[in-house]
Amino acid sequence: MSISEKYIAELYNKIQEERPIIHCITNAVTVNDCANILLAAGASPTMAHHPLEVEEITAGTKALVCNFGAIADYEAMEKAGRVAGELGHAIVIDPVGVSGSSYRREKCQMLIENIHPTCIRGNYSEIRALMEHCSTATGVDSGDKNLDIEAMKQYAKQYHLIMIASGEKDIITDGTTIYICENGDAKMAKITGSGCMSSVMLGAFLGTEPSVQSAAACCAFVGIAGELASEKTDACGGGTMTFRNFFIDEVSLMTQEKMSRCKVHI
């Protein structure tokens, strides 16, 4: 199936109509941006982290996003993940920092095996670290461009999930189909949280339609917002914080006409 602007618009409109609640267990650095980008898309975020409440909270949502920047909340992720799995909710894991921390890598792999997520989304280094069970970087924003796409397919097939490697080109696979998304802008890598925001947006899209096509549509949607924000930033002579605000603005101002920028291919 090709990813068209019509298909992306249908998903976006459905999110706005249904206003799905997305449960985000994410890190303190980006929690505000994650909440705001979901609101901009028409979804409703809840950021509950306490292990004594997450099971109850996640039961009333459409999707769960577990971000390993919040590794201290692992118990909450596991409890929420078990409930979300039992209820058939979409689950997204963002393996922040696993490329430089063996502890995070081990706990992330454990969580994958315990709660069976719908999707894993990380940068190239994080995805390679998971697949190869080794350290691949010293920071969370590595520029690693080496990735074995066939290994991604095998990992996705083994764990019955959608795997996304975000970078200059986003690679999306469910173990059978591979989509390549070429939307996005270099400025996205110069603000903290662009990856975290992408992951919570996946929660909204996959909570609406849990498919590899929906994941690819989300990557295009987020990338297009980045492109439009970059153009506005350049036009006004702004810097990285101007870009950050325009980025969230463009999510709320998205139209099907703008989605015609979609650059996703198989």
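The following exercises, each with a worked solution, introduce the fold, cores and selected residues of one predicted protein model.

Residues are numbered from 1 along each chain as its sequence is written, and side-chain values use heavy atoms, with hydrogens and water left out. In this predicted model, local features need pLDDT of at least 70 and side-chain atom pairs count only at pLDDT 80 or more, whereas totals for chains, interfaces and linings use all residues.

**Exercise 1. Overall form**

Task: State how many helices and strands the chain has, and determine how its radius of gyration compares with the globule rule.

Solution. Step 1: Count the elements, taken as DSSP runs numbered from the N terminus (helices are H or I, at least four residues; strands are E, at least two). The chain has 11 helices and 9 strands.

Step 2: Apply the globule rule, which is 2.2 Å times the number of residues to the power 0.38, the radius itself being taken over C-alpha atoms. For 266 residues the rule gives 18 Å, and the radius of gyration of the chain is 17 Å, close to that value, so the chain is as compact as a globular protein of that length.

Step 3: Consider the extent along the principal axes. The C-alpha atoms fill a box of roughly 45 × 40 × 35 Å.

**Exercise 2. Burial and contacts across the chain**

Task: Find what percentage of the residues is buried, and what percentage of the contacts between residues at least 6 apart joins residues at least 24 apart.

Solution. Step 1: Fix the classes of burial: buried is under 20% relative accessible area, exposed is over 50%, and partly exposed lies in between (1.4 Å probe, protein chains only). Buried residues make up 58% of the 266 residues.

Step 2: Turn to contacts (heavy atoms within 4.5 Å). Among those between residues at least 6 apart in sequence, 70% join residues at least 24 apart.

**Exercise 3. The nonpolar cores**

Task: Identify the members of the largest nonpolar core that touch the most other members, and the helix that gives the most to this core.

Solution. Step 1: Recall that a nonpolar core is a set of buried Ala, Val, Leu, Ile, Met, Phe, Trp, Tyr and Cys residues joined through side-chain atoms within 4.5 Å. The largest such core has 57 residues, of which I3, I172, M201, F221 and F247 touch the most other members.

Step 2: Assign the contribution by helix. Helix α9 (residues 212–236) gives the most, with 13 residues.

Step 3: Examine one of the core members. Apart from neighbours within four places in sequence, F247 is in contact with I37, M188, I191, M197, V222, A225, G226 and A229.

Step 4: Note that there is a second, separate core of 36 residues, which includes Y74, A76, I115 and M152.

**Exercise 4. Helix α2 and its surroundings**

Task: List the buried residues of helix α2 and name elements that cover them.

Solution. Step 1: Helix α2 spans residues 31–41, and D33, C34, A35, I37, L38, A40 and A41 are buried in it.

Step 2: The cover of these buried residues includes α1, β1 (21–25), β2 (44–46), α8 (194–208) and α10 (240–252).

Step 3: Look at a residue of α10. R244 lies in that helix and counts as buried because its relative accessible area is 18%. Leaving out neighbours within four places, R244 is in contact with N32, D33 and I191.

Step 4: Pass to the residue just after α2. There, G42 takes a positive phi of about 100°.

**Exercise 5. Three loop residues**

Task: Decide whether H116, H133 and T61 are buried or exposed.

Solution. Step 1: H116 lies in the loop between α5 (102–115) and β5 (119–123). Its relative accessible area is 56%, so H116 is exposed. Although not a glycine, H116 has a positive phi of about 50°.

Step 2: H133 is found in the loop between α6 (124–132) and α7 (149–159). With 55% relative accessibility, H133 counts as exposed. H133 has a positive phi of about 55°, although it is not a glycine.

Step 3: T61 is placed in the loop between α3 (54–59) and β3 (63–67). A relative accessible area of 6% makes T61 buried. Beyond neighbours within four places in sequence, T61 is in contact with I21, H23, T46 and H89.
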